[in-house]
Amino acid sequence: MKRRWLTLTALLALGLGVAQIPGVVQGNYTGGTLGTITQPAPAQPSEGSVYRVGAWPLYTAELPDGPGKELVLSYCQVCHSVTYIPMQPPLPAATWEAEVTKMIKTYGAQIPEDAAKQIVAYLQAHFTPETRKE
């Protein structure tokens, strides 16, 4: 017995539909390298739609009072939040000195030498294992 295979075009021409095959995923596919992730186009808001966001968080960590606090607030906040300071585990005094030195020499923080010494003294007075108050 001879079998005949009809092409998809021939099946459609005969008015025969194509059955869905279980396990076959239908969808839109994009060309490109396998394994790449493509993002969908951003949603287009309809006319009159409103996009709302909450208030920008303006949280600043409460730093302990003491000599040098104002210098920490003025110099350190130029590059990052002072919230990073109390987030650190209690660090040894030498580590705080190294951190301030790194901020100046590696990251280019514009802190005068006298202010840097006062900042280090403040950090050592409040954020070492011996001085940190939880």
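**View A. Glutamate 99 and its salt bridge in helix 4.** Glutamate 99 is partly exposed, with a relative accessible area of 26%; on this scale buried means under 20%, exposed means over 50%, and partly exposed is what lies in between (1.4 Å probe, protein chains only). This is a predicted model, so local features need pLDDT of at least 70 and side-chain atom pairs count only at pLDDT 80 or more, while totals for chains, interfaces and linings use all residues. Residues are numbered from 1 along each chain as its sequence is written, and side-chain values use heavy atoms, with hydrogens and water left out. The partner of glutamate 99 is lysine 102, at 3.2 Å from N to O. A salt bridge here takes a side-chain nitrogen of Lys or Arg within 4 Å of a carboxyl oxygen of Asp or Glu. Because the two sit three residues apart in helix 4, about one helical turn separates glutamate 99 from lysine 102. Lysine 102 is partly exposed too, with a relative accessible area of 30%.

**View B. The other salt bridges.** By this rule the count comes to three salt bridges. In helix 5, glutamate 113 pairs with lysine 117, and their closest N and O atoms are 3.5 Å apart. These two are four residues apart, so again there is about one helical turn between glutamate 113 and lysine 117. Glutamate 113 counts as exposed at 60% relative accessibility, and lysine 117 counts as exposed at 54%. The side chains of aspartate 65 and lysine 69 also meet, with 3.0 Å from N to O. Here the two ends differ in cover: aspartate 65 is exposed, with a relative accessible area of 65%, whereas lysine 69 is buried, with 14%.

**View C. The largest pocket.** About 330 Å³ of space lies in this pocket. On a 1 Å grid over the protein atoms alone, a pocket is an open set of points where a 1.4 Å probe fits, with protein on both sides within 12 Å along at least five of seven lines; lining residues have an atom within 4 Å of a point. Points are joined across faces, edges and corners, and the volume is the space filled by probe spheres set on them. Of the 17 lining residues, Cys76, His80, Ile85, Glu99 and Met103 are the closest to the centre. The lining divides into 14 nonpolar residues, two polar and one charged. In this split, Ala, Val, Leu, Ile, Met, Phe, Trp, Tyr, Cys and Pro are nonpolar, Asp, Glu, Lys and Arg are charged, and the others, Gly among them, are polar. Helix 2 (69-76), helix 3 (84-87), helix 4 (93-105) and helix 5 (113-126) each supply at least two lining residues. Helix 4 gives the largest share, four residues.

**View D. Threonine 128, after helix 5.** Threonine 128 is found in the segment following helix 5; helices are DSSP runs (H or I, at least four residues) and strands are E runs of at least two, numbered from the N terminus. The protein has five helices and zero strands. At 3% relative accessibility, threonine 128 counts as buried. Leaving aside neighbours within four places in sequence, threonine 128 is in contact with Pro90, Leu91, Pro92, Ala93, Trp96 and Leu123, where contact means heavy atoms within 4.5 Å. For the wider setting, buried residues make up 18% of the 134 residues in the protein.
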